[in-house]
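Thanks for making time this morning. I would like to take you through one chain, going from its overall layout to one helix pair and then to the ligand.

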Amino acid sequence: MLNALVIYFSPGGNTKRAAEALARGLERGGAEVTLMPLAQAQEVDDTSYDLVCFGAPSYHFNVPEPVLHYVKKRLNKAAVRLGAPVQPYKWAVVLITYGGPHTGIDEATPAGDHLAQMFRHLGYEVRGIWYTVGAFHGDRAEANNLYGWLGDIRGRPNEHDLGVIETNAAGLAFVLSHLKNQQAQR
Ligand SMILES: Cc1cc2nc3c(=O)[nH]c(=O)nc-3n(C[C@H](O)[C@H](O)[C@H](O)COP(=O)(O)O)c2cc1C
């Protein structure tokens, strides 16, 4: 059975909902899933999983400080090898939520690339960097959620957004389970 770990950082709850949809989809696709917030994941050994997923919001067009800190710590712990040789049958997915008020998805791709680089340095094959719109929270959110680059993003991620993540995750788990079974039969 495909063994998946889903870690998320989500001060406002959008990324948590997106990560939960991802976890639901992976389960639907046949994976055994462990879902946890970043605070709990610090000492977890992610190398025992076939698939590791990391969800984070974009803050100032990068990952937030606690995620940056985690990336540095994780890379130090691994003693990254020159050339970052690929570890066969180790996969990763990055999930980013963002509001895109100024330049749209371009505000999210540096965050996605940053986390993907962590996984590639560790030798994981990155199977996807998934982006989902997430509304701003709090008193000053209204302008950002109505008049930003993407227009009206209130209530995002909505049921449709979460459904897309869930469907994509189910498909991914199905394919990776198949690859894992093929490996086992060799
Ligand atoms: C301090 C802060 C900075 C943000 N900076 C950006 C940004 O640069 N680009 C962007 O697209 N969204 C930005 N956002 C919006 C968040 O990425 C978006 O609302 C995200 O879904 C929040 O996720 P969460 O609810 O899991 O915390 C920012 C939000 C906050 C609170």
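Before I read out the order of elements, a word on terms: the helices and strands I name are DSSP runs, of at least four residues for a helix and at least two for a strand, numbered from the N terminus. Please keep in mind throughout that this is a predicted model.

With that in place, the chain has six helices and five strands, and from the N terminus on they follow one another as β-α-β-α-β-α-β-α-β-α-α. The radius of gyration is 16 Å, close to the 16 Å that the globule rule gives for 186 residues, so the chain is as compact as a globular protein of that length. Of those 186 residues, 37% are buried, and among contacts between residues at least 6 apart in sequence, 79% join residues at least 24 apart.

Turning to the helix pair, α1, residues 14-28, packs against α6, residues 159-185, at an angle of about 35 degrees and with the axes 7 Å apart, and the crossing is right-handed. On the α1 side the contact includes R17, A18 and L22, which, with others, meet α6 residues including L162, I165 and E166. By class, the residues of this contact divide into nine nonpolar, three polar and four charged.

Which residues, then, are closest to the ligand? Out of 20 that surround the ligand, they are G12, N14, T15, P57 and G134. Helix α1 comes back here, since α1 and β4, residues 91-98, are the elements that give two or more residues to this shell, whose residues are eight nonpolar, 11 polar and one charged.

Notes:
Residues are numbered from 1 along each chain as its sequence is written. This is a predicted model: local features need pLDDT of at least 70, side-chain atom pairs count only at pLDDT 80 or more; totals for chains, interfaces and linings use all residues. Axes are lines fitted to C-alpha atoms, for helices over the stretch in contact, and angles run from 0 to 180 degrees between N-to-C directions. A crossing is left-handed if the near helix is turned anticlockwise from the far one by less than a right angle, and right-handed if clockwise. Two residues are in contact if their C-beta atoms, placed from the backbone, lie within 7 Å. Ala, Val, Leu, Ile, Met, Phe, Trp, Tyr, Cys and Pro count as nonpolar, Asp, Glu, Lys and Arg as charged, and the others, Gly among them, as polar. A residue is near a molecule or strand if its C-beta atom, placed from the backbone, lies within 6 Å of it. The radius of gyration is taken over C-alpha atoms; the globule rule is 2.2 Å times the number of residues to the power 0.38. A residue is buried if 20 or more other C-beta atoms lie within 10 Å of its own, exposed if 12 or fewer, and partly exposed in between; C-beta atoms are placed from the backbone.
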